[in-house]
Each structure stands twice: as C-alpha cells, then as structure tokens.
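Colleague: I am new to this structure and would like a close look at one part of it. Please take the helix contacts and the buried residues around them, and then go on to the backbone.

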Amino acid sequence: MDRFTDRTRRRLLGASVAALGLSALPALAAADATPVSKPGARTRLILLGTAGGPTPKALRAAPASAVVVDDAIYLIDCGNGVARQMALAGLSLGAIGNVFLTHHHSDHNADYGNLLWLAWAADLRHRVDTWGPPPLKRMTRQFLRLNDTDIRTRIADEGRPELASLIRPHELRAGGEVMRDERVRVTAAVVDHPPMHPAFAYRFDTPDRSIVFSGDTRPSAALIELARGADVLVHEVMYLPALEKLIASEAQAARLRQHLLDSHTTTEQVGKLASEAGVKTLVLNHFVPGGDPALTDEVWRAAVAPHFKGELVIGRDLMEL
C-alpha cells in the first residue's frame with residue numbers, strides 16, 4: 001500500500017500553511033514527537049480529521065478516523081473532505097469495508113454519501129456495510145436519488161456496477177456488539193450528546209489492540225465501561241477558557257454556549273474519565289475550538305496532563321498511531 005511517511009505529511013501540511021500565510025499551526029507543534037504505529041503491527045489507527053464543529057477550518061480537517069487491520073479499512077465518521085484525507089494518508093478508497101457513524105451532526109456525516117460515491121468512482125467494487133443511528137437507511141436512499149444522474153451516466157458510460165447494490169446500511173438503536181469478522185469485533189455504547197439520541201461510541205478489538213472512539217459526548221458512564229482497560233481511547237475534548245472567543249463569532253451565542261456545555265467533555269473531565277477507565281493511551285480528538293491557532297499542543301497537554309498519568313497524545317490530522 002502506498003503511504004506518505006509522517007514526516008512527508010508534515011512537509012505537505014507546512015507548505016499549505018505557508019501558502020495560506022498562517023503564522024502557526026497547532027497540528028505541527030512538537031512534530032518530532034509524532035507517534036507512529038509499531039513496525040509489524042497488524043492494526044493501525046489513523047486520525048484523518050481532528051476538528052470539532054460543522055464549519056470548515058484551515059488548521060484541522062473535519063472529524064474522521066480509520067482503523068486499518070492488515071489491508072482492511074474500518075472508517076469512523078465521515079466529516080467534510082474525508083475522501084481527500086484518505087488519499088493524503090495513502091489509504092485506498094476501494095479498501096473500505098465498513099463505515100461507522102457516531103451520530104448525525106453534520107461534522108460527522110456530511111460526506112457519508114460522498115465518500116462511498118467517490119470510492120465507487122475510484123475502485124470500490126465490493127459491498128460496504130455502514131452502521132449508525134436512524135435514519136441511516138433513509139439517508140442512504142435519498143443520497144442515491146440526489147445523485148442519480150451521475151450514477152446512471154457512469155454505469156452506462158463506464159460500465160460500473162450499481163452503486164446501491166454495494167451499500168448495506170444497518171441502523172443501530174442500542175449498545176452491544178455491532179459486528180465481527182476475522183479481524184475485528186466492534187462494540188457500541190450509547191453516550192450522552194443531547195439533543196442527538198442515540199449517539200454512539202465504538203470499541204474495536206483487533207488481534208493486537210483495543211481502540212475506543214468516544215464520538216461526541218459529555219462525560220458518560222457507559223463510555224467508561226466500554227473503554228475499560230483499552231489500549232487507546234480517542235476522545236473529544238473542549239477547552240473552556242477559549243469558548244467565549246468561539247461563541248462571540250456566532251449569532252446564536254447563548255444557545256450555542258449551552259449546547260457546548262451540555263454535550264461535550266472538558267479537558268479536565270476527559271483526563272479524569274480516561275483515568276477511571278484505566279486506558280493506556282489517551283488521544284485527544286475533535287478539538288473544540290478547533291480553529292484557534294493560539295491553542296497549541298502545549299496548551300492542550302497542560303490542561304489534560306494533571307488529570308491523566310498514562311500516555312497522552314495530542315491528535316493531529318493524518319497522525320498514525
């Protein structure tokens with residue numbers, strides 16, 4: 001599989017920053033300390049996008065992650081631009097086997113249909129199972145109808161298979177085992193992200209690792225149990241001191257403030273819950289705010305480290321662990 005090295009990715013990102021005229025990029029801080037997966041490991045974790053919130057940001061891409069076991073790709077969330085992030089990570093769109101949506105906020109599902117459509121336009125020729133809360137089946141049907149003209153044209157003009165026959169959506173309403181195959185067992189827990197219900201966290205148990213994704217949630221007892229003893233917990237995080245600056249740019253500031261406080265996990269809270277769950281490595285993800293260049297890796301680390309004594313990783317786009 002053709003891959004960029006992490007150093008190459010940093011050079012590409014650095015060039016983009018220079019082209020934009022930005023003076024700093026939190027995702028590039030402490031670049032020499034970037035974790036990479038161990039040589040010979042069967043399981044790779046790749047953070048494709050690490051921003052939180054629906055608006056595009058120059059510093060981080062929209063939420064998406066990949067668990068790669070051998071050559072099989074399991075995708076978690078489909079924020080805007082996920083297909084291009086996969087290309088930058090050296091991942092083949094045609095190797096997607098399963099897609100998991102944590103919930104139906106647009107920063108997590110905006111490119112759900114686009115990802116599968118673009119993969120089909122590349123080299124996807126096998127069935128993809130998709131998993132998430134209702135109305136996932138209806139969303140899939142409506143996406144196919146919306147793009148019927150292009151799909152029909154490419155079937156007739158390029159000899160492609162029916163796209164609808166390659167997508168099998170599964171709606172989840174409760175926690176428990178989601179699926180298993182020869183490489184992975186996936187388990188879900190319902191987490192607290194009002195007003196979205198159900199919203200899910202997912203645990204991936206592979207031959208050599210256990211990786212948990214929180215999705216969006218406030219501190220959740222169900223998530224702590226799901227993550228109990230996991231090798232890696234990838235968890236959303238919110239930095240309270242920076243919220244007022246973020247909220248000041250929003251017309252509906254009062255309601256947004258309440259949503260953020262009711263539905264997300266602060267730096268202090270994430271450290272404490274990771275400690276309670278006994279996870280080995282905590283990876284910060286879905287940063288809120290995700291577009292403030294003043295919030296360097298050191299700021300995030302200083303806010304979480306007093307509450308978690310395991311390995312702490314400040315997530316960055318295209319980071320591989």
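Modeller: What follows goes through two helix pairs, a few single residues and some points in the backbone. The model is a predicted one.

I begin with helices H4 and H5. H4 covers residues 112-122 and H5 covers residues 136-146. The two pack at an angle of about 50 degrees, and their axes are 10 Å apart. An angle between 35 and 65 degrees falls outside both the roughly parallel and the roughly perpendicular ranges, so H4 is oblique to H5. The crossing of H4 past H5 is right-handed. On the H4 side, the contact is made by Tyr112, Gly113, Asn114 and Trp117. On the H5 side, the residues are Leu136, Met139, Thr140 and Phe143. Sorted by class, this contact of H4 with H5 has five nonpolar residues, three polar ones and no charged ones.

Met139 leads to the next residue, since Met139 is also in contact with asparagine 109. Asparagine 109 is found in helix H3, which covers residues 106-109. With a relative accessibility of 13%, asparagine 109 counts as buried, because buried means under 20%. If neighbours within four places in sequence are left aside, asparagine 109 is in contact with Cys78, Leu101, His103, His104 and Met139. With histidine 104 there is also a polar contact, made between the two side chains at 3.2 Å. Glycine 79 is 30 residues from asparagine 109 in sequence, yet their C-alpha atoms are 5.5 Å apart in space.

His103 is in the contact list of asparagine 109, and His103 is also in that of histidine 193. Histidine 193 lies in strand S8, residues 185-193. Its relative accessibility is 1%, so histidine 193 counts as buried. Leaving aside neighbours within four places in sequence, histidine 193 is in contact with His103, His105, Ala199, Asp216, Thr217, His259, Ser263 and His264. Two of these residues can be described further. The side chain of histidine 105 makes a polar contact with the side chain of histidine 193, at 3.1 Å. For serine 263, the backbone oxygen lies 2.9 Å from a polar atom of the histidine 193 side chain.

The second helix pair is H10 and H11. H10 covers residues 267-277, and H11 covers residues 297-304. Their packing angle is about 55 degrees, with the axes 8 Å apart. That angle makes H10 oblique to H11. H10 passes H11 in a right-handed crossing. Thr267, Glu268, Val270 and Gly271 of H10 meet Trp300, Ala303 and Val304 of H11. This contact of H10 with H11 has four nonpolar residues, two polar residues and one charged residue.

The backbone comes next, starting with the loop before H11. Proline 289 lies in the loop between strand S12 (281-288) and helix H11. The peptide bond from valine 288 to proline 289 is cis, with omega near -5 degrees. A cis peptide bond also joins histidine 197 and proline 198, and there omega is about -5 degrees. Proline 198 lies in strand S9, which covers residues 196-205.

Positive phi values are found at two residues described here. One is histidine 286, which is not a glycine but has a positive phi of about 50 degrees. Histidine 286 is placed in strand S12. The relative accessible area of histidine 286 is 4%, so this residue is buried. The other is aspartate 70, where phi is near 55 degrees, again a positive value in a residue other than glycine. Aspartate 70 is found in the loop between strand S2 (64-69) and strand S3 (72-76). At 33% relative accessibility, aspartate 70 counts as partly exposed.

An exposed residue completes the tour. Arginine 84 is found in helix H2, residues 82-88. Its relative accessible area is 59%, so arginine 84 is exposed. Leucine 48 is 36 residues from arginine 84 along the chain, and their C-alpha atoms are separated by 9.3 Å.

How values were computed:
Residues are numbered from 1 along each chain as its sequence is written. This is a predicted model: local features need pLDDT of at least 70, side-chain atom pairs count only at pLDDT 80 or more; totals for chains, interfaces and linings use all residues. Side-chain values use heavy atoms; hydrogens and water are left out. Axes are lines fitted to C-alpha atoms, for helices over the stretch in contact, and angles run from 0 to 180 degrees between N-to-C directions. Helices (H or I, at least four residues) and strands (E, at least two) are DSSP runs, numbered from the N terminus. Angles under 35 degrees count as roughly parallel, over 145 as roughly antiparallel, 65 to 115 as roughly perpendicular and the rest as oblique. A crossing is left-handed if the near helix is turned anticlockwise from the far one by less than a right angle, and right-handed if clockwise. Contact means heavy atoms within 4.5 Å. Ala, Val, Leu, Ile, Met, Phe, Trp, Tyr, Cys and Pro count as nonpolar, Asp, Glu, Lys and Arg as charged, and the others, Gly among them, as polar. Buried means under 20% relative accessible area, exposed over 50%, partly exposed in between (1.4 Å probe, protein chains only). A polar contact is a pair of N or O atoms within 3.5 Å; within protein, one must be able to donate a hydrogen and the other to accept it, and residues adjacent in sequence count only if both atoms are side-chain atoms.
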